[in-house]
Amino acid sequence: MAAITSTAIVGLASSSLPSSSRFGLVKPLIKARSQPTRMRSSSVKVSCSFQRDWLRTDYNVIGFGLIGWLAPSSVPVINGNSLTGLFFNSIGEELAHFPTPPALDSQFWLWLVTWHLGLFIVLTFGQIGFKGRTEDYF
């Protein structure tokens, strides 16, 4: 038979905790819960004033914006050439030596950036103007 021993452990502020040992094992003083706790689900619906369709895409803006950019960019004002013509010609020149990419000092990059910058500006102002008009901002 094994003997059960009980000794006092002196802790902080000279408090004592009883300790019992049986076969070298210490019994826990606190028992674990047998049933897990469940989280309660709330039925609160969160509402937000942010519109899901925040871009509010409209194909009229894309169509009119593209036409609105192609018309002025096709006017021949750059040494008798148009911006669209110069851009498309530079695409053809670069495709002539296709596996090789365009050089960094090629005119292709200037026409590419200029043409697309103009297109995006026209589309942005078109979106602002078209949606502002349909939603009675002005």
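At what angle, roughly, do the axes of helix α2 and helix α3 cross? Keep that question in mind while you set up the view. The model on your screen is predicted.

**The whole chain**

Start with the protein chain in cartoon form. The chain has 3 helices and 3 strands. Followed along the sequence, the elements come in the order β-β-β-α-α-α. Of the 138 residues in the chain, 14% count as buried. Among contacts with a separation of 6 or more, 44% are between residues 24 or more positions apart.

**α2 against α3**

Select residues 83–96, which form helix α2, and residues 107–134, which form helix α3. Two packed helices are described by the angle between their axes and the distance between the axes. Here the axes of α2 and α3 cross at roughly 135 degrees and come within 9 Å. The two helices, α2 and α3, are therefore oblique to each other. The crossing of α2 and α3 is left-handed.

Now show side chains on both helices. On the α2 side, select Leu83, Thr84, Leu86, Phe87, Ser90, Ile91 and Glu94. These meet Phe108, Trp111, Leu112, Thr114, Trp115 and His116 of α3. Sorted by class, the contact of α2 with α3 has 8 nonpolar, 4 polar and 1 charged residues.

**The nonpolar core**

Which residues make up the largest nonpolar core? Select Trp69, Leu83, Leu86, Phe87, Phe108, Trp111, Trp115 and Leu119, the 8 residues of this core. The elements that give two or more residues to the core are α2 and α3. The largest share, 4 residues, comes from α3.

Stay on Leu86, one of the core residues. Not counting residues up to four places away in sequence, Leu86 touches Ile78, Asn81 and Trp111.

**α1 against α3**

Next, select residues 59–73, which form α1, and keep α3 on screen. The axes of α1 and α3 come within 9 Å and cross at roughly 135 degrees. The helices α1 and α3 are therefore oblique to each other. Is the crossing of α1 and α3 left-handed or right-handed? The crossing of α1 and α3 is right-handed.

To see the contact itself, select Asn60, Val61, Ile62, Gly65, Leu66, Gly68, Trp69, Leu70 and Ser73 on α1. On α3, the residues to select are Thr114, Trp115, Gly118, Leu119, Val122, Leu123, Gly126, Gln127 and Phe130. By class, the contact of α1 with α3 has 10 nonpolar, 8 polar and no charged residues.

**The loop between α1 and α2**

Move to the loop between α1 and α2, and begin with Asn79, which is found there. The phi angle of Asn79 is near 55 degrees, a positive value in a residue other than glycine. Asn79 counts as exposed because its relative accessibility is 77%, and exposed means over 50%.

Asn81 is in the loop between α1 and α2 as well. With a relative accessible area of 37%, Asn81 is partly exposed. Leaving aside neighbours within four places in sequence, Asn81 is in contact with Val75, Pro76 and Leu86. The contact with Leu86 leads back to a residue of the core.

Then select Ser82, also in the loop between α1 and α2. Is Ser82 buried or exposed? Ser82 is buried, because its relative accessible area is 11% and the cut-off for buried is under 20%. Apart from neighbours within four places in sequence, Ser82 is in contact with Ser73, Ser74, Val75 and Pro76.

**Before α1**

For the last stop, select Asp58. Asp58 is found in the loop between β3 (25–26) and α1. Its relative accessible area is 19%, so Asp58 is buried.

Which residues does Asp58 contact, leaving aside neighbours within four places in sequence? Asp58 is in contact with Phe130 and Lys131. Asp58 and Lys131 are 73 residues apart along the chain, and their C-alpha atoms are separated by 8.9 Å. Phe130 appeared earlier on the tour, in the contact of α3 with α1.

Technical notes. Residues are numbered from 1 along each chain as its sequence is written. This is a predicted model: local features need pLDDT of at least 70, side-chain atom pairs count only at pLDDT 80 or more; totals for chains, interfaces and linings use all residues. Side-chain values use heavy atoms; hydrogens and water are left out. Axes are lines fitted to C-alpha atoms, for helices over the stretch in contact, and angles run from 0 to 180 degrees between N-to-C directions. Angles under 35 degrees count as roughly parallel, over 145 as roughly antiparallel, 65 to 115 as roughly perpendicular and the rest as oblique. A crossing is left-handed if the near helix is turned anticlockwise from the far one by less than a right angle, and right-handed if clockwise. Contact means heavy atoms within 4.5 Å. Ala, Val, Leu, Ile, Met, Phe, Trp, Tyr, Cys and Pro count as nonpolar, Asp, Glu, Lys and Arg as charged, and the others, Gly among them, as polar. A nonpolar core is a set of buried Ala, Val, Leu, Ile, Met, Phe, Trp, Tyr and Cys residues joined through side-chain atoms within 4.5 Å. Buried means under 20% relative accessible area, exposed over 50%, partly exposed in between (1.4 Å probe, protein chains only).
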